[in-house]
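Okay, everyone, thanks for squeezing in. I've got one structure to walk through today, so let me put it on the screen.

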Amino acid sequence: MGEKKRNDKEEVLQNYQDYVIGSYTRSGIVFIKGQGSYLWDIDGKRYLDFFPGWGVSGLGHCHPSIVKAIKEQAEKLIHIANNHYHPWQGLLAKKLSERSFGGKVFFCNSGAEANEGAIKLVRLYGRDKGRYKIISMDNSFHGRTLATVTMTGQPKYSKPFEPLPAGFSSVPFNDFEALESAVDKETAGIIIEPIQGEGGINVAEKTYLERVRRLCDEKDMLLIFDEVQTGFGRTGRFFGYQNFDITPDIMTLAKTLGGGFPVGAMIAKTGVADLMVPGTHASTFGGGPLASVSCLAVIDTIEKDKLLDNVKAAGEHLYQKLVQLKERYAFITKIKGLGLMLAMEMDGAGDWLVNACAENGLLINCTHGNVIRVMPAINITEKEIDEGTEILDGCLRNKK
Ligand SMILES: *Cc1c(COP(=O)(O)O)cnc(C)c1O
């Protein structure tokens with residue numbers, strides 16, 4: 001059996017090597033099964049997942065309510081084009097609207113696509129006034145399409161693709177003066193992640209966001225929150241912006257939204273949303289029946305299982321565990337984040353720790369070179385957190 005497994009694994013790796021475009025760095029692990037916060041690889045080894053699909057599998061792997069919703073829906077109706085109606089898209093939009101700041105929703109299939117929608121909506125809004133520019137934050141991340149990678153405030157991602165679309169610039173995060181002086185009469189919008197994810201788990205300051213909101217009101221600019229990573233319970237509120245006393249005009253969602261099913265959404269305040277009329281924007285797969293019922297199952301589960309309370313309690317527990325590790329190891333310089341979007345900053349590269357943890361059955365992430373990021377499923381238990389942080393401790397102790 002061992003021999004066969006090895007051959008199976010070699011074949012999987014070989015197929016990727018020969019036929020899949022090599023745009024990713026991959027771990028070398030072949031996963032074949034997931035349940036809750038655990039994953040199993042092709043050799044039968046079990047892993048505790050503290051970074052489930054970059055936050056996509058936010059309710060853990062194969063959550064029964066999502067599996068049930070997809071199975072039942074697949075037997076009724078899988079796809080229907082957006083020039084017709086089906087019952088589940090409108091219901092989902094209603095639930096998203098009611099749980100956020102009102103407004104209307106456009107459905108698509110990914111975070112980048114949701115942000116593309118936001119860019120187009122901002123341009124429609126500014127059109128009559130000759131305004132089209134969007135200011136983003138340094139170290140932000142908004143996706144990999146040409147426009148969103150340009151809007152991403154990390155030139156290393158966009159440089160190889162020059163010439164880039166016009167109208168994008170970035171300024172230091174949490175620096176109001178820098179933002180204010182970058183605004184000119186062609187600026188139509190400002191986009192912010194309330195907590196920067198890929199940029200290293202940097203939390204926005206409350207007073208900063210309040211001043212940005214006021215500036216947008218004064219200058220008639222739209223405020224966009226990219227909540228692709230912070231949305232859907234991650235921070236202990238349904239949406240990240242709810243931790244601050246302001247609302248954006250546009251919010252983009254993906255990742256946990258579908259609980260594993262590919263889906264993205266852009267929510268916009270009604271007056272703004274209505275600028276999108278037939279012919280201005282579309283997405284063939286957007287808001288299809290399967291995607292919609294997945295999202296509905298995620299919302300129901302968050303509410304029935306009181307998962308926002310779990311994020312607050314489990315997040316506090318994990319935070320304290322990380323603080324203890326920081327006290328034990330001098331090379332950990334900072335613990336940061338909110339809810340279950342947490343990170344340990346190291347005084348050097350963090351890749352070795354990701355690899356050591358994987359070897360010992362724990363999946364974590366390193367972003368920005370030296371920031372160890374953990375974003376476990378929002379239904380993670382304290383026992384699982386203890387198990388994971390013990391593995392972390394063991395790996396940190398053996399640092400070479
Ligand atoms: C992941 C991410 C995106 C891009 O989402 P895709 O689904 O990969 O296109 C955009 N913004 C933020 C904040 C993200 O974390």
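So, start at G111: one of its backbone N or O atoms sits 2.8 Å from an oxygen atom of the ligand. Keep in mind that this is a predicted model. Overall, the protein covers 81% of the 380 Å² of accessible area that the ligand has on its own.

Now the ligand's nitrogen side of things. For D226, it's the side chain that matters: an N or O atom there is 2.7 Å from a nitrogen atom of the ligand. With F141 we're back to the backbone, where a polar atom lies 3.2 Å from a ligand nitrogen.

Who else is around the ligand? Going along the chain, we have S110, G111, A112 and N115, then F141, H142 and G143, then E193, and finally D226, V228, Q229 and K255. By type, that shell splits into six polar residues, three nonpolar and three charged. And which helix gives the most to it? That's helix α4, residues 111-126, with three residues.

Okay, leaving the ligand, let's go to the surface. Y16, Y19 and V20 make a nonpolar patch there, about 340 Å² of it. Take Y19 from that trio: you'll find it in helix α1, which runs over residues 2-19. Is Y19 buried or exposed? Its relative accessibility is 66%, and the cut-off for exposed is over 50%, so Y19 counts as exposed.

That's my tour, so over to you for questions.

Conventions
Residues numbered from 1 in each chain as written. Predicted model: local features only at pLDDT ≥ 70, side-chain atom pairs only at ≥ 80, totals over all residues. Heavy atoms only, no water. Near = heavy atom within 4 Å. Polar contact = N/O pair within 3.5 Å; in protein donor to acceptor, adjacent residues only side chain to side chain. Areas by Shrake-Rupley, 256 points an atom, 1.4 Å probe, with all protein chains shown as cover. Helix = DSSP H or I, 4+ residues; strand = E, 2+ residues; numbered from the N terminus. Nonpolar A, V, L, I, M, F, W, Y, C, P; charged D, E, K, R; others polar. Patch = residues over 30% accessible without salt bridge, like charges linked within 9 Å, V, L, I, M, F, W, Y side chains within 5 Å. Salt bridge = Lys/Arg side-chain N within 4 Å of Asp/Glu carboxyl O. Buried < 20%, exposed > 50% of the residue type's maximum accessible area, 1.4 Å probe, protein only.
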